[in-house]
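Q: Please take one chain of this model and walk me through it closely, from its overall form to its parts and its contact with the partner chain. I would like each term explained with its cut-offs where it first comes up.

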Amino acid sequence: MAREKSSFIRWIQSGKVNKRLCMITFMLFPLTLLVVFTYIPFLKMFQFSFYEMKYIGDREFVGWENYLEVFTREDCFQALKLSLYYIVASFIQLALALWFASILSFKTRGGGIFKGFMFFPYLVCGIAVGFIFKFFYTRGFVLDTILQWIGFNLDNLPYWLRDRSVNNISLAASSIWRYMGQNMVLFIGAIMSVDSTLYEAAAIDGANGWAKFRYIIFPSIKTIIVLNMILAISGSLSVFEPPYVITGGSFGTGTYFVVMNELAHESQKVGLASAMAIVLLGLIFIATMIQKFVEAYFLGTNGKEAIRYVRKQKKIEAQHAAQAAKGGR
Amino acid sequence: MAKAKRIIWTVIKYFTLVLGAFISVLPVVVCVITAFKTPEEYASTNVMTMPQNWTYFTNFIEAWKQANMLLAFRNSLIILVCVLIGSILTGTMLAYVLNRFDFVGNGLIRNLFLFASLLPGIAMQVTVYQIMYTLGWINSLPGYIVLMCGTDVMSIYIFIQFFENLPTSLDESAIMEGCTYFGVFFRILLPLLKPAIITVMILKGVGTYNEYYTANLYLQDKNRYVTVATSLFKFTGPLGNQYNYICAGVIITMVPALIIFILCQKQIYSGLAQGAVKG
């Protein structure tokens, strides 16, 4: 018995078997999670989108009806228009982040404190942000008080969260407040990874701030900026938290996902919500494809040169060849 | 001329910095101010007026009791510890296999995870909810923990990146000396992964502690499974206008994040930057 056991152990420990065993046990749990919480739900979403159903009870096959409804209902596809506010906001956010990152990457008095203050909002949890801004925007409270100090009259100020002409801007602003610091930290990281001798050389050459930004900082963090701009677009399509925690989607602030969440978990129109999810997944997928293309075209991926650069090189080579041919004659 | 230009530049620089920092802290500072006001004071003074008494802690005590914060902190701590251990183990193990072993399907698995990262979480919850329901994991801490362990691509990438910088000769010599592959992973590689583990711990930890939407969806029984993030939900109902309590509650939930932030600022910054490179 003991011998058998030891031979079994030896078999387990022999290279190939041991390797297989290790691979299987190590991948079992992560892959199960991936299948159960990502791919099964993903397939089910396709299935559900063709049914009229609740989470429990009977379901009825309705074909493409849910998709038709997504495009025709007032509150579904229309909600995507709100994304424009958030796209604009995220570009403002990136610009601000870039500005502060370029300043804070160099010696600045109190730089660490400024950085910390601007970054901290990122660590505040979503619902707390919601309360903070409900309070901030309430009639006669924080924002109104400050504007009154500057000289505005309270009667001329809108209700920041109710007035349909401004409330989406208020919400988008809260999103800038929350995420600008995080963007800034990313940019600082990218700027810091630039070879510092470049800056020293530039300083010796007498380059001013703008020249430093234009010729050293910008080229070296171009990739991460483009990446963030495109992430901003797919992020704006799927905006959820600001309206969800601040207004709950009332007064015309319900973005696509807020509407979808309500349909799924409150009205229990699971089929319709699934169709909405699939439609948005399609849009995000398209945005990602465009991103991949832009990346390959302008920046190059996986060690391949950027397509634009390759073409330019080819053109130059062709010109050289032509000149050489001319010169030769 | 050059000097004037420099001075103007410096003024602009610090003006924007001060303005940026001011706007960043203002909403929070006003909350702190309000949290120290008595109900009468709150009703009668402007929000920007300082409280009379900075030692008036009744709001905090009241908010702590109302929102059941003791239970919330206990639950959040349990969730945090389990999720961190679970996701770091699964993440490092998967990264080890994907980085060290060449097998059919390696690329496929990487792509499956990459594709999964494109799917927005909120949309997925429409059907994940049904699965959680079928498994009987609504209102179940272990169920919620397993869901939150669901491997996120970013941490796997951070680990894979880190493995790439650990020479394979380490593994090989250990194998030659009779160590098993399990031994290589747990005894040799895992301790070396410490910096990457700290990065992932911070990123995942912040995410888990602040997670509101899924906690609200899957831990609906607020009397038993309230977390720090969802504890504030209590204030949305009839207490919706009592901002002196609400602000106190908000401050309480922010304190742990603030402490961690002050203690590990450097790691948080570098962790975020690392995650972004590949994320």
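A: The account below follows chain B, with chain A brought in where the two touch and for a parallel description at the end.

Residues are numbered from 1 along each chain as its sequence is written, while chains are lettered from A and ligands numbered from 1 in the order in which they are written. This is a predicted model, in which local features need pLDDT of at least 70 and side-chain atom pairs count only at pLDDT 80 or more, whereas totals for chains, interfaces and linings use all residues.

Chain B has 16 helices and zero strands, where helices (H or I, at least four residues) and strands (E, at least two) are DSSP runs numbered from the N terminus. Its C-alpha trace spans about 75 × 70 × 35 Å along the principal axes. The radius of gyration of chain B is 24 Å, against a value near 19 Å for a compact globule of 279 residues; this radius is taken over C-alpha atoms, and the globule rule is 2.2 Å times the number of residues to the power 0.38. Of the 279 residues in chain B, 39% are buried, a residue being buried if 20 or more other C-beta atoms lie within 10 Å of its own, exposed if 12 or fewer, and partly exposed in between, with C-beta atoms placed from the backbone. Among contacts in chain B between residues at least 6 apart in sequence, 75% join residues at least 24 apart, and two residues are in contact if their C-beta atoms, placed from the backbone, lie within 7 Å.

Chain B is divided into domain 1 (2–56) and domain 2 (61–278), with bounds that come from an automatic or database domain assignment. The C-alpha centres of these two domains of chain B lie 33 Å apart, and seven residues of domain 1 are in contact with six residues of domain 2. On the side of domain 1 of chain B that touches domain 2, the elements giving two or more residues are α1 and α2 (39–44) of chain B, and the largest share, four residues, comes from α1(B). That side divides into five nonpolar residues, one polar and one charged; Ala, Val, Leu, Ile, Met, Phe, Trp, Tyr, Cys and Pro count as nonpolar, Asp, Glu, Lys and Arg as charged, and the others, Gly among them, as polar.

Helix α1 of chain B also holds B:Lys13, which counts as partly exposed because it has 19 C-beta neighbours inside 10 Å. From B:Lys13 to B:Leu190 there are 177 residues in sequence and 45 Å in space, C-alpha to C-alpha.

Helix α10 (residues 181–192) of chain B has 12 residues and reaches 16 Å from its first C-alpha to its last, close to the 16 Å expected at 1.5 Å a residue; the expected span is 1.5 Å times one less than the number of residues in the helix. The buried residues of α10(B) are B:Tyr181, B:Val184, B:Phe185 and B:Leu189. Seen down the axis of α10(B), these buried residues fall within an arc of 90°, so they line one face of the helix, the arc being that of the directions from the helix axis to the C-beta atoms. An α-helix has 3.6 residues a turn, so residues three or four places apart point the same way. On the other side of α10(B), B:Arg187 and B:Pro191 are exposed.

The contact between the chains takes 66 residues from chain B and 68 residues from chain A. On the side of chain B that touches chain A, the largest share, 12 residues, comes from helix α1 (residues 2–35) of chain B. By class, that side of chain B has 52 nonpolar, 13 polar and one charged residues.

The partner, chain A, has 14 helices and two strands, and its C-alpha atoms fill a box of roughly 90 × 80 × 60 Å, taken along the principal axes. Its radius of gyration is 28 Å, where a compact globule of 329 residues would have one near 20 Å, and buried residues make up 37% of the 329 residues in chain A. The domain assignment of chain A gives domain 1 (2–70) and domain 2 (81–322), whose C-alpha centres lie 35 Å apart. In chain A, 13 residues of domain 1 are in contact with 10 residues of domain 2.
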